[in-house]
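Work through the exercises below with the sequence and the structure in view. Try each task before reading its solution.

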Amino acid sequence: CGSPPDAQRVRRGRRNALGAHWLRAGQRVVEGESDFMLYGKDERIQSTQSMRKQIIEWKQKGHSAIFIAILNGEHVGYLMIIGNTAKRAAHRAAIVLGVQESAQNKGIATSLLQKAEEWAAEKGVKRLVLLSGRGEEEAQACERIVQNGEPDWTIVRASWFHQNFSEGAFVDMVLAGQLTLPAGDTLEPFVDADDIADVAVAALTEAGHAGEVYEVTCPRLMT
């Protein structure tokens with residue numbers, strides 16, 4: 001990622017108490033800055049003590065992991081891999097990645113994703129499916145990390161979702177009666193998130209999808 005080793009490093013969250021403290025502090029900062037995390041500013045009610053218990057449980061079960069990014073001695077980002085105990089969901093895991101605004105565009109997210117892929121290989125993961133962004137340079141940098149790794153991979157690229165209007169970033173504008181975007185007359189094939197999920201499930205559970213890049217769109221272009 002271009003940063004000297006003593007300036008940037010990614011640490012596995014092994015100490016339960018310190019890991020919980022660093023993670024909660026990082027979540028507060030990232031969620032307060034970003035419009036793209038699940039929780040907004042001050043919405044998360046999980047305490048450091050609760051997070052510590054969760055880390056202990058994850059460590060015991062072995063299906064989850066936490067990585068903390070450190071830049072010039074400061075904790076600036078994190079990545080959580082959250083697995084499942086249910087047998088029917090044991091084949092998948094969620095990844096949550098956050099980087100503080102002051103540390104963005106420095107290769108932090110790339111380093112975190114590389115650690116996540118190494119962890120997956122250590123755990124014997126045989127197949128990875130990455131939901132990526134169509135036409136997004138940063139997303140394609142993440143794609144290359146997955147493509148250069150050991151497990152079989154499938155890339156699912158999407159862009160704008162139908163759900164943007166009903167439960168995403170456009171909701172407030174829709175309710176106000178006016179949707180304004182700096183897009184001009186650009187045509188865009190919005191796609192339903194359920195259709196994306198169907199493609200991802202097929203890529204995970206069926207043969208014949210390894211090494212494929214799928215660009216998911218709908219049949220109609222919208223302005």
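The exercises go from the whole chain to one sheet, then to salt bridges, loops and a surface patch.

The model is predicted: local features need pLDDT of at least 70, side-chain atom pairs count only at pLDDT 80 or more, and totals for chains, interfaces and linings use all residues. Residues are numbered from 1 along each chain as its sequence is written, and side-chain values use heavy atoms, with hydrogens and water left out.

**Exercise 1. The whole chain**

Task: State how many helices and strands the chain has, and in which order the elements run.

Solution. Start with the definition: helices (H or I, at least four residues) and strands (E, at least two) are DSSP runs, numbered from the N terminus. The chain has six helices and seven strands. Read from the N terminus, the order is β-α-α-β-β-β-α-β-α-β-α-α-β.

Next, take burial, where buried means under 20% relative accessible area, exposed over 50%, and partly exposed in between (1.4 Å probe, protein chains only). Of the 223 residues in the chain, 35% are buried. The accessible surface comes to about 13,900 Å², and carbon and sulfur atoms hold 49% of that area. Accessible areas come from the Shrake-Rupley method with a 1.4 Å probe; for residues, only the protein chains shown count as cover.

Last, take contacts (heavy atoms within 4.5 Å). Among contacts with a separation of 6 or more, 65% are between residues 24 or more positions apart.

**Exercise 2. The sheet of β5, β6 and β7**

Task: Find the order of the strands in this open sheet and say which strands stand at the edges.

Solution. Two strands pair if DSSP finds at least two bridges between them. The order is β5-β6-β7, with parallel pairing. β5 (127–133) and β7 (212–215) are the edge strands; each has a single partner strand, so one side of each has no neighbour in the sheet. From one strand to the next, the twist averages 20 degrees.

Now look at one pairing. β5 and β6 (residues 152–158) run parallel and are joined by seven bridges. Leu128 has Trp153 in β6 as its bridge partner.

Then add the helix. Helix α4 (residues 137–147) lies across β5, β6 and β7, at about 170 degrees to β5. Axes here are lines fitted to C-alpha atoms, for helices over the stretch in contact, and angles run from 0 to 180 degrees between N-to-C directions.

**Exercise 3. Salt bridges**

Task: Work out which residues are joined into one network by salt bridges that share partners.

Solution. A salt bridge is a side-chain nitrogen of Lys or Arg within 4 Å of a carboxyl oxygen of Asp or Glu. The whole structure has four salt bridges.

Take Glu143 and Arg157: their closest N and O atoms are 2.8 Å apart. This pair links distant parts of the chain, with Glu143 in helix α4 and Arg157 in strand β6, 14 residues apart. Glu143 and Arg157 are both buried.

Arg157 also meets Glu215 in a salt bridge (2.9 Å, N to O). Because Glu215 lies in strand β7 and Arg157 in strand β6, this pair ties together parts that are 58 residues apart in sequence. Glu215 counts as partly exposed, at 46% relative accessibility, while Arg157 is buried at 16%. Glu143, Arg157 and Glu215 thus form one network.

For another pair, take Glu118 and Lys115, whose closest N and O atoms are 3.8 Å apart. They are three residues apart in helix α3 (residues 108–122), so about one helical turn separates them. Glu118 is partly exposed at 41% relative accessibility, and Lys115 is partly exposed at 32%.

**Exercise 4. Positive phi in two loops**

Task: Decide whether Asp42 and Asn72 are buried or exposed.

Solution. Asp42 lies in the loop between α1 (16–33) and α2 (48–61). Its phi is positive, about 65 degrees, although Asp42 is not a glycine. With a relative accessible area of 69%, Asp42 is exposed.

Asn72 lies in the loop between β2 (65–71) and β3 (74–82). Phi of Asn72 is near 50 degrees, again positive in a residue other than glycine. Asn72 counts as exposed at 58% relative accessibility.

**Exercise 5. A nonpolar patch**

Task: Name the residues that make the nonpolar surface patch of about 220 Å².

Solution. Patches are made of residues with over 30% relative accessible area and no salt bridge: like charges are joined within 9 Å, nonpolar side chains (Val, Leu, Ile, Met, Phe, Trp, Tyr) within 5 Å. The residues are Val174, Leu179 and Leu181. Leu181 sits in the loop between α5 (171–176) and α6 (193–205), and at 39% relative accessibility Leu181 is partly exposed.
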